[in-house]
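Here's a quick tour for anyone opening this structure for the first time. Have a look at it, then read on.

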Amino acid sequence: MILYQLQCSAGHSFEGWFRSGAAYDQQAAAGEVCCPVCGDRGISKAPMAPSITKGRGRDTAATPAGVPEVAPEAAPGTGGTPAAASAPMAELMQQLRALRRHVEANADYVGDRFAEEARRIHYGEVESRAIYGEASPQQAEELREEGVAVSRIPWVPGHDA
């Protein structure tokens, strides 16, 4: 097994365990490695300090100066799966993706016309329905001040990681 420090194009850093360097290359090329934070599949290897064995036949590795030794939190996963420390984040991302699927299935997308359309629904100019779209923080605040019920939700990539 080999441990790589990985980074997505958005700058999130995470670890991934792979059977071999070739296994990482194959999975990355197939788009099977993704960021546990944002779901981005534009992953690259981040610089890492090499692990150097101390003495003959010993399993312990030298730790570079200034880097604390940390015991593993759980058995490593495979294929870029985050370690146990990232499990809560992965669960949260899964729930946010489920929320996105629910919103997309049950509401009309109105794009950047969200504030206008929310007002029209609020004031009874059009039939009431669930909508989603984009609004600036200022537009959302103005809607709230008018008594229009709006909420912001984190909009994560729709694919499952």
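A disulfide is a pair of cysteine sulfur atoms within 2.5 Å. This is a predicted model, where local features need pLDDT of at least 70 and side-chain atom pairs count only at pLDDT 80 or more, while totals for chains, interfaces and linings use all residues. Residues are numbered from 1 along each chain as its sequence is written, and side-chain values use heavy atoms, with hydrogens and water left out.

## The cysteines

So how many disulfides turn up in a search of the whole structure? The search finds 0. Take C35: its sulfur sits 3.8 Å from the closest cysteine sulfur, the one in C38, and that's too far for a bond. For C34, the closest cysteine sulfur is in C35, at 7.5 Å, again too far for a bond.

Buried here means under 20% relative accessible area, exposed means over 50%, and partly exposed is in between (1.4 Å probe, protein chains only). With a relative accessible area of 0%, C35 is buried, and C34 is buried too, at 10%.

## Helix α1 and the loop after it

Helices (H or I, at least four residues) and strands (E, at least two) are DSSP runs, numbered from the N terminus. In α1, the buried residues are A23, Y24 and Q27. They cover an arc of only 100 degrees around the axis, so they end up on the same side of α1; the arc is that of the directions from the helix axis to the C-beta atoms. Over on the other side of α1, you'll find A22, Q26 and A29 exposed. An α-helix has 3.6 residues a turn, so residues three or four places apart point the same way.

What covers the buried residues of α1? Among the elements are β1 (2-8), β2 (13-18) and β3, with contact meaning heavy atoms within 4.5 Å. Just after α1 comes G31, which has a positive phi of about 75 degrees. Further on, R41 lies in the loop between α1 (21-29) and β3 (43-45). R41 is partly exposed, at 32% relative accessible area, and its C-alpha is 9.7 Å from that of A29, though the two are 12 residues apart in sequence.

## Helix α3

Helix α3 covers residues 114-122, and its buried residues are F114, A115, E117, A118 and I121. Seen down the axis, they fall within an arc of 165 degrees, so they line one face of α3. They pack against β6 (108-111), β7 (131-133) and α4 (137-145). After α3 comes G124, with a positive phi near 75 degrees.
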